[in-house]
Amino acid sequence: MAKDITRYRNIGIFAHVDAGKTTTTERILSLTGRIHKMGEVHDGAATTDFMEQEQERGITIQSAATTCFWKEHQLNIIDTPGHVDFTIEVYRSLKVLDGGIGVFCGSGGVEPQSETNWRYANDSKVSRIIYVNKLDRIGADYYRVIKQVEKVLAAKPLVMVLPVGTENDFIGVVDLLTRKAWVWDESGLPENYDIQDVPEDMKDQVEEYREAMIELAVEQDDEILSKYLEGEEITIDEIKFCIRKGTRDLVFFPTYCGSSFKNKGVQLVLNAVVDYLPNPLEVPPQPEIDLEGNPTGKVAYADADKPLRALAFKIMDDRFGALTFTRLYSGQLKKGDTILDTFTGKTERISRLVEMHANDRQEVDSAQAGDIVALIGMKNVQTGHTLCDPKDPATLEPMVFPDPVISIAVSPKKKGDNEKMGMAISKMVQEDPSFQVETDEESGEVILKGMGELHLDIKVDILKRTHGVEVEVGKPQVAYRESITKRLVDSYTHKKQSGGSGQYGKIDYVIEPGETGTGFQFESAVTGGNVPREFWPAVQKGFETSVGKGPLAGYPVVDLKVTLTDGGYHAVDSSAIAFEIAARAAYRQSLPKAGPQLLEPIMNVDVFTPDDYMGDVIGDLNRRRGMIKSQDPGATGVRVKADVPLSEMFGYIGDLRTMTSGRGQFSMEFSHYAPCPTNVAEEVIKEAKERQAAAAAAK
């Protein structure tokens, strides 16, 4: 029997570190009857934080998917991490969500990371409601956070509730729709509340905010708007209809408040999820592309009778084996079905399907469009792969992951742990596409690459705890790149004559800087057949396999364009391999003459500092070769945005805490590559040459 998809809500909860996101998820699970004893994050016992690292650090690293029910609706909740090094997790989760709850801290407000997550959610066009948490905290101010949402996020909050009391005296909220106050007693139990009349001293304020809320809402429907303008009474159902439409179209974001820790206000947020966030039928369907990557013009509708289209959005290894978290966009999936992974071209059989509840599971026989389930025992499926019906293949738009910008060398402390480490790392790479590994050919070292210091720290921690491999860690290395600055016309001839058939290939070519972000480009402008067409790919391959090592320090070369203009061949001695060798040698000959330069990754750094320390923070960013882009004073301090080279940002969190007596915060993400100043470049090149020499000596 097909389930009623309109009663599904696939939602994510996302926010800055410490805004209380995981506690909020815990409260939702307890209210919906999913857990009986509530876990507390600060006791390290939250249900969705079941990795040791999460319990110890009090942060959510992995997003866990959990199913629960509220008012006869099925909520699939994805708890996403808030830390910037894991934004990839947030991005992945957003891809499969239909709606979200943005949690902000009542005293911290809109913090740098909330902004990144909000921007991702805007890019993914995810409808959201806003929940301002921790209103029981000293310094909490709901109205200030609302202003910050308008100013910093450039979003329109639709205020749905007002707080009754502040800080220690926060006892409940007034629901503007019904003009009723929900007041909780001191027991801390979520079910111990009374619905009362609005307190006398709040009546005027409630009417003012209610009027503003209705005015904004009724603009969503012409009929209801004209009724309102003619002074007729608008019913609560009509207002809800308008709010639902405006939320779905991202015109505004219904805004709630409460204290998850004290169990106050969470029910209204759950009601809003059911009332205002879209079901799978109300979000734009996923566009399909064919196996070559071209749009087909078709879309995956949320319909159980259409062909299967599903996206694997997360791989997780747990004590029961590998779990592949999958969102079904259309069709059905049953135990025993054979599915096609369009990325690998391989088919796999579904042996078990489970519905997840944090780290508990419930076996199910089938799933349908709109469901989020975990598949057990998938061998080759990775994050971002599309699973479909082998008789009717199509790919959903794949996820795009950024390249890592930082690397560390690791080696096992125990001699015999090499194989164990290799297996553990390959599992971790499957789980997290922004984490990469390679072996340095010269030194034989294993190099881990990631999005930031914390990202790699946690990976080393997981190696140690989850996989029992202790490793020695080298100092962090920046992912530099090289490029050229001059156009160069050059020629190279490869000849080899030594008994039997020889080798001959002559190429004339132009090497020049390409547009930023184009990587490597090759074209042939040969006319007249001096280099026969069948050898062009060999020339291209020769250059293409060489760009991995630049002439200065051996870093990959980017934004390089090579044009083959002419050359010569020999009817007997010319071959594809001869032209490939010619191209490799030409690369080595010409690049050092084309004005090579070193490029370094520049990070978008977003620092929050209390006013008193602003001078120190800006002075310090300048010393780190940072370019200050903006300074925005807020209620509790100043946000400084700057472009800073990654190489200067190691250990920054410690320095920032020292400078600001522990009150500063920052987030950073990769922005672009820029040329290194000469003195820095010389130092990097010298270090690279020393490393290469040491590796050669070790051999």
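This report describes a four-stranded sheet with its packed helices, a buried aspartate, a helix pair and a hairpin in a predicted model.

**The sheet and its strands**

Four strands form an open sheet in the order β31-β32-β34-β33, and their pairing is mixed. The edge positions are taken by β31 (488-496) and β33 (520-524); each has a single partner strand, so one side of each is left without a neighbour in the sheet. From one strand to the next, the twist averages 25°. Strand β32 (residues 503-513) pairs with β31 in the antiparallel sense over 9 bridges. Within this pairing, S491 has D508 of β32 as its bridge partner.

**Helices on the sheet**

Helix α12 (residues 536-546) packs on the sheet and touches β32, β33 and β34 (560-568). The direction of α12 makes about 155° with that of β33. Buried residues of α12 are W536, A538, V539, G542, F543 and S546. Their cover includes β32, β33 and β34 as well as helix α13. Helix α13 (residues 576-590) itself lies across β31, β32 and β34, and runs at about 40° to β32.

**A buried aspartate**

The loop between β34 and α13 contains D573. Although D573 is buried, the residue has no salt bridge. The nearest side chain of opposite charge belongs to K495, 10 Å away. When neighbours within four places in sequence are left aside, D573 is in contact with Q497, S501, G502, Q503 and Y504.

**A helix pair and a hairpin**

Helix α6 (residues 203-218) and helix α7 (residues 222-229) have axes that come within 9 Å and cross at roughly 140°. This angle makes α6 oblique to α7. At their contact, E211, I214, E215 and V218 of α6 meet I224, L225 and Y228 of α7.

Strands β17 (residues 338-341) and β18 (residues 346-349) run antiparallel and are joined by 4 bridges. D341 has K346 in β18 as its bridge partner. The two strands form a hairpin with 4 residues between them, and G345 in the turn has a positive phi of about 75°.

The angles given for pairs of elements are collected below.

| Pair | Angle |
|---|---|
| α12 and β33 | about 155° |
| α13 and β32 | about 40° |
| α6 and α7 | roughly 140° |

Methods. Residues are numbered from 1 along each chain as its sequence is written. This is a predicted model: local features need pLDDT of at least 70, side-chain atom pairs count only at pLDDT 80 or more; totals for chains, interfaces and linings use all residues. Side-chain values use heavy atoms; hydrogens and water are left out. Two strands pair if DSSP finds at least two bridges between them. Axes are lines fitted to C-alpha atoms, for helices over the stretch in contact, and angles run from 0 to 180 degrees between N-to-C directions. Contact means heavy atoms within 4.5 Å. Buried means under 20% relative accessible area, exposed over 50%, partly exposed in between (1.4 Å probe, protein chains only). Lys and Arg count as positive and Asp and Glu as negative; His and the chain ends are not counted. A salt bridge is a side-chain nitrogen of Lys or Arg within 4 Å of a carboxyl oxygen of Asp or Glu. Angles under 35 degrees count as roughly parallel, over 145 as roughly antiparallel, 65 to 115 as roughly perpendicular and the rest as oblique.
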